[in-house]
Amino acid sequence: MMRKGIKRLVVSHYVLVVLLTLVLVESVFIYSVRTFYYNSIFNNLNNHAQVSASFYNKFHSDLNVLTFDKQLPDVTESFAHPSAELQVITKQGTVLATTSGFDVREQIKTRDVTAAAQGTSGRWIGTNDPTGERIMAVATPLLWNGQPIAVLRYITSLQEVDRVIRNISGIALLIGFAILGAVSLVSLALANSIVRPVNRITAASALMAKGRFDVRVDESYRYELGDLAKTLNFMAQEIVKSDKLKNDFISSISHELRTPLTSIKGWSETILSGDLEDKDETKTGLRIISKETDRLVGLVEELLDFSRLEQKQLSLDIGQVDMEYLLNEVMLQMAAKARSKRVSFQYVRKGEASPPSIPGDPNRLKQVFLNIADNAVKFADPDTAITVTASVEPDALAVSIRDIGASIPMEHLSKITEKFYQVNPQGEGTGLGLAICKEIVELHGGKLAVSSSDTEGTAVTVRLPLS
């Protein structure tokens with residue numbers, strides 16, 4: 001029904017527009033033809049009357065109001081027109097003589113006679129009562145000393161002219177119908193050119209709705225249809241990506257939650273079933289339970305941050321951040337974990353002056369650098385130093401945290417900040433840490449970049465705007 005509706009809508013709209021245009025053009029054309037023929041007849045009769053009167057006045061100087069009755073036959077003969085009947089009429093509308101010889105007894109009060117009696121030429125189109133045919137009457141004053149003494153009225157039949165106009169109108173209408181038919185065929189072809197791609201796109205979208213996201217729409221269509229096809233294909237790709245993200249999320253979270261929960265459950269059962277008088281064993285179990293609980297809390301916080309970022313609900317509490325002080329706090333907080341892995345922190349300030357304070361959310365920025373530092377400790381080789389470098393660039397403050405350890409392969413480097421991406425899928429973590437860090441940095445208007453090589457190790461650089 002929809003496809004039929006679109007086709008019908010396109011065709012009907014095109015035909016309606018062309019029909020209205022043709023009606024307007026035909027009306028103007030027929031009116032113009034009718035006006036042209038009628039004006040030609042009027043001009044012919046009016047010019048004949050004026051030329052004849054001028055000639056008669058010039059060579060018959062004895063024409064006047066007193067002798068007009070005697071000269072009536074001569075006037076009628078001199079002013080006669082070969083294709084029109086001449087009536088000589090008084091200013092009051094009484095017919096004095098006609099070239100047809102018919103006696104007209106009633107007074108004539110038509111518009112043309114009234115205009116001529118006042119000294120100007122007039123035209124009247126109407127029906128001749130005796131014959132019932134349409135006629136045109138052209139009346140011109142016959143002047144003496146600048147005043148009309150009589151009215152010369154020429155009457156001609158419009159029957160032949162109307163027939164010609166009807167023939168021309170009929171031909172014009174036939175041409176109009178031919179144009180309308182051609183437009184209907186063209187609009188039908190145009191409608192099909194729209195409906196066919198729409199049908200294919202609809203069929204593809206129906207398959208996508210059933211879960212077939214491997215289906216793709218031909219993107220070679222022109223204009224909006226091509227854009228629609230690209231949008232559908234992009235939507236399918238995003239759904240596939242989102243579905244993969246969801247599966248990765250479930251897999252990663254299931255794995256990450258299971259490990260600490262297993263430890264907590266195992267040690268809880270050990271403590272309950274063991275000898276509670278054994279303080280060393282109880283303390284060890286409680287220590288592990290506390291550690292795994294902290295790990296679970298960290299996972300939950302990470303997931304909450306991810307959820308807020310995905311829903312664009314993460315807000316920043318912007319203030320002035322002393323970056324050197326913040327980095328020292330991060331290194332102190334990570335010092336115990338670093339010592340347990342025989343790793344140390346080394347702070348390097350590029351330039352003599354301390355880095356300036358920058359606008360930012362201190363808690364969120366601390367979260368970013370703690371996460372980066374924690375990764376550096378996790379992957380650094382034993383007995384190496386992690387270098388924390390702060391440098392002021394023309395429009396940004398750059399902080400780089402570099403560890404000496406196994407390098408990240410190039411094929412993983414560009415994807416390492418993607419959500420749930422892990423270089424080692426079997427390793428610890430959800431793959432959200434760097435992704436969240438990148439989002440937080442970008443919320444501050446900055447950039448996060450990762451570089452890695454076998455000789456220089458792995459460095460994560462955060463650039464934050466100075467203002």
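**Strands, cores and salt bridges in a predicted model**

Mentor: Start with strand β1 (residues 85-89), which is joined to β5 by 5 bridges, the two running antiparallel. Keep in mind that this is a predicted model.

Trainee: Which residue in β5 does E85 stand opposite?

Mentor: E85 faces I155 there.

Trainee: How many bridges join β4 to β5?

Mentor: There are 10 bridges between β4 (residues 134-144) and β5, and these strands also run antiparallel. One pairing to look up is T140 with its bridge partner L152 in β5.

Trainee: What about the hairpin of β4 and β5, how many residues sit between the strands?

Mentor: The hairpin has 2 residues between the strands, and N145 takes a positive phi near 55°.

Trainee: Is β5 largely enclosed or open, and why?

Mentor: Strand β5 covers residues 147-157, and 9 of its 11 residues are buried, so the rest of the structure largely encloses it.

Trainee: R153 is in that strand. What does R153 form a salt bridge with?

Mentor: With D112, where the closest N and O atoms are 2.9 Å apart. D112 belongs to helix α3 (residues 111-117) and R153 to β5, so the pair ties together parts 41 residues apart in sequence.

Trainee: Are those two buried or exposed?

Mentor: R153 is buried at a relative accessible area of 5%. D112 is buried as well, at 0%.

Trainee: How many salt bridges does a search of the whole structure find?

Mentor: The search gives 10. Another one is between the side chains of R163 and E160, at 2.3 Å from N to O. Those residues are 3 apart in helix α4, so about one helical turn separates them.

Trainee: Why does that spacing matter for direction?

Mentor: An α-helix has 3.6 residues a turn, so residues three or four places apart point the same way.

Trainee: And how accessible are R163 and E160?

Mentor: R163 counts as partly exposed at 38% relative accessibility. E160 is partly exposed too, with 46%.

Trainee: What about R342 and D383?

Mentor: Their side chains meet in a salt bridge, 3.2 Å from N to O. R342 is in the loop between α7 and β7, while D383 is in the loop between α8 and β9, so to speak distant parts of the chain, 41 residues apart. Both residues are exposed.

Trainee: Switching topic. How many residues are in the largest nonpolar core?

Mentor: That core has 43 residues, and those with the most contacts inside it include M323, F345, I386 and L448. Among the elements giving two or more residues to this core are α7 (323-340), β7 (343-349), α8 (362-379) and β11 (447-453). Helix α8 gives the most, with 8 residues.

Trainee: What is L448 in contact with, leaving aside its neighbours within four places in sequence?

Mentor: Its contacts are I372, T417, C437, K438, V441, V460, T461 and V462.

Trainee: C437 and V441 are in α10. Which residues of α10 are buried?

Mentor: G433, L434, A435, I436, C437, I440 and V441. After α10 comes G445, whose phi is positive, near 85°.

Trainee: Last one: what forms the nonpolar patch on the surface with I175?

Mentor: I171 and I179 join I175 there, and together the three have about 270 Å² of accessible area. I175 lies in helix α4 (residues 159-209), and is partly exposed at a relative accessible area of 48%.

Key:
Residues are numbered from 1 along each chain as its sequence is written. This is a predicted model: local features need pLDDT of at least 70, side-chain atom pairs count only at pLDDT 80 or more; totals for chains, interfaces and linings use all residues. Side-chain values use heavy atoms; hydrogens and water are left out. A nonpolar core is a set of buried Ala, Val, Leu, Ile, Met, Phe, Trp, Tyr and Cys residues joined through side-chain atoms within 4.5 Å. Buried means under 20% relative accessible area, exposed over 50%, partly exposed in between (1.4 Å probe, protein chains only). Helices (H or I, at least four residues) and strands (E, at least two) are DSSP runs, numbered from the N terminus. Contact means heavy atoms within 4.5 Å. Two strands pair if DSSP finds at least two bridges between them. Patches are made of residues with over 30% relative accessible area and no salt bridge: like charges are joined within 9 Å, nonpolar side chains (Val, Leu, Ile, Met, Phe, Trp, Tyr) within 5 Å. Accessible areas come from the Shrake-Rupley method with a 1.4 Å probe; for residues, only the protein chains shown count as cover. A salt bridge is a side-chain nitrogen of Lys or Arg within 4 Å of a carboxyl oxygen of Asp or Glu.
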